[in-house]
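Please open the model in your viewer and keep the sequence panel beside it, since each stop on this tour begins with a selection. The route goes from the interior outwards.

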Amino acid sequence: MTTLNENKPASRISQFFDWLTAPHRDITGIAEKRNARLMASLILILLPLVGLVLIASALTGLVNLTAQEALRLNLSRAVLLSALLIAYAFTRSRHFLVGTVITLIIIWLLIFQAILTNPKTPLGYGAQMLLMVMPVLIGSAVFRTRGIVI
């Protein structure tokens, strides 16, 4: 018995997203393919979010910060955005674990930078510190226990 979804062809958007997240052809294991696709998908979600944060911080920096502080903050976020693009390139290669490590470091740095630059956020300091657990949770989906500890 077939369902309605099996007979329906995939939309162009889903085909495009599948193409953007497809693992490298040298990756043969099912778990490795899943992990490479997971990290590529995560990066594709993070890229526009970091870009929006970069634009929003540039706009608010014009009001609250000096020009030098705003430039320094935006430059650091632009470097993180560039590193995220490099991590995406690694996740599309057979060295997807390198891209995973870069992505986890970037997530941690973004949260840590938010804590250092503006500790009085609506979330509060404690909630921001809890967000720093997020890279560990994402890493646990990809690495074994030893890799998570490292």
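What follows is a walk through a predicted model, with a selection to make at each stop.

**The nonpolar core**

Begin by selecting Ile43, Leu84 and Tyr88, which touch the most other members of the largest nonpolar core, a set of 25 residues. Colouring by helix will then help, for α3 (30-64), together with α4 (67-91), α5 (96-117) and α7 (134-142), supplies at least two residues of this core in each case. Which helix gives the most to this core? That is α3, with nine residues. As background, in soluble globular proteins nonpolar side chains tend to be buried together.

Now centre the view on Tyr88 and display its surroundings: leaving aside residues up to four places away in sequence, Tyr88 touches Leu20, Ala40, Ile43 and Leu44.

**The salt bridge between two helices**

Two salt bridges are counted in this model, and the next selection is the pair Arg37 and Asp18, whose side chains meet in a salt bridge with an N to O distance of 3.8 Å. This pair links distant parts of the chain, with Arg37 in helix α3 and Asp18 in helix α2, 19 residues apart. With the surface switched on, Arg37 counts as partly exposed at 31% relative accessibility, and Asp18 is likewise partly exposed, its relative accessible area being 41%.

**The salt bridge between two loops**

Move next to Arg94 and Asp26, where the side chains meet in a salt bridge at 3.2 Å, N to O. Arg94 lies in the loop between α4 and α5, whereas Asp26 lies in the loop between α2 and α3, so the pair ties together parts that are 68 residues apart in sequence. Is Arg94 buried or exposed? Arg94 is exposed, because its relative accessible area of 52% falls over the 50% cut-off; Asp26, at 40% relative accessibility, counts as partly exposed.

**A last stop at Thr28**

Keep Arg94 in view and add Thr28, which is placed in the loop between α2 (12-21) and α3 (30-64). Thr28 is exposed, with a relative accessible area of 66%. A distance drawn from C-alpha to C-alpha puts Thr28 and Arg94 9.8 Å apart in space, although they are 66 residues apart in sequence. Shown together with the salt bridge of Arg94 and Asp26, this last selection brings the loop between α2 and α3, where Thr28 has its place, into the view with Arg94.

Technical notes: Residues numbered from 1 in each chain as written. Predicted model: local features only at pLDDT ≥ 70, side-chain atom pairs only at ≥ 80, totals over all residues. Heavy atoms only, no water. Helix = DSSP H or I, 4+ residues; strand = E, 2+ residues; numbered from the N terminus. Buried < 20%, exposed > 50% of the residue type's maximum accessible area, 1.4 Å probe, protein only. Core = buried A, V, L, I, M, F, W, Y, C linked by side-chain atoms within 4.5 Å. Contact = heavy atoms within 4.5 Å. Salt bridge = Lys/Arg side-chain N within 4 Å of Asp/Glu carboxyl O.
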